Amino acid sequence: MTAGLKKEYGEKINFLVYGTRIRIFEYIFKFIYNCLKSLILYIKIRPQYIITTGTHTAVPMCYIGKVFGSKIIFIETFANRNTKTLSGKMIYPIADLFIVQWEEMLKLYPRAIYGGAIY
């Protein structure tokens, strides 16, 4: 599916490298690479809004965007009903709009807005 998008949209599509914290040494280098690539992409695109459901690769882009004045909209994952995600914990303090998909999550994120099942 993503290969088809790359073929159709060419240079408008960019990917960050996948890394998992299970292989911590490898992950450190991939994370640094993703931070640098995020900065380059941000400077190239200059988005007014960054909308994300998280993952570790989204966190650097959100912080870069915040520094440069972008609005940050974060949607906490539907998979967690009673616990915060690491990305959610990191982005919550800087988010302009933080959306949760479970009402129970409003206890953990008091400034959040309940959006229901967004997926």
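The following paragraphs lead from the overall make-up of this protein to one of its β-α-β units. The model is predicted, and every value given here is computed from it.

The protein contains 4 helices and 4 strands. Read from the N terminus, these elements follow the order α-α-β-α-β-α-β-β. The C-alpha trace spans about 40 × 35 × 30 Å along its principal axes. Of the 119 residues in the protein, 34% are buried. Sequence separation gives a further view of the fold: when contacts between residues at least 6 apart in sequence are considered, 35% of them join residues at least 24 apart.

Within this arrangement, strand β1 covers residues 49–52, and strand β2 covers residues 71–75. The two strands run parallel and are joined by 4 bridges. In this pairing, Thr-52 of β1 stands opposite Phe-74 in β2. Helix α3, formed by residues 58–67, belongs with both strands to a β-α-β unit, and this unit is right-handed.

Strand β1 also has two distinct faces. Ile-50 and Thr-52 lie on the covered face, whereas Tyr-49 and Ile-51 lie on the uncovered one. Thr-52 thus belongs to the covered face and is also the residue that stands opposite Phe-74.

Attention may now turn to the surface and the charges. The accessible surface of the protein comes to about 8,000 Å², and carbon and sulfur atoms account for 64% of that area. The protein carries 16 positive and 7 negative charges, and the mean positions of these two groups are 6 Å apart.

Technical notes: Residues are numbered from 1 along each chain as its sequence is written. This is a predicted model: local features need pLDDT of at least 70, side-chain atom pairs count only at pLDDT 80 or more; totals for chains, interfaces and linings use all residues. Side-chain values use heavy atoms; hydrogens and water are left out. Buried means under 20% relative accessible area, exposed over 50%, partly exposed in between (1.4 Å probe, protein chains only). Two strands pair if DSSP finds at least two bridges between them. A crossover is right-handed if, with the strands pointing away from the viewer, the path from the first strand over the helix to the second runs clockwise. Contact means heavy atoms within 4.5 Å. Accessible areas come from the Shrake-Rupley method with a 1.4 Å probe; for residues, only the protein chains shown count as cover. Lys and Arg count as positive and Asp and Glu as negative; His and the chain ends are not counted. The place of a charge is taken as NZ of Lys, CZ of Arg, CG of Asp or CD of Glu.
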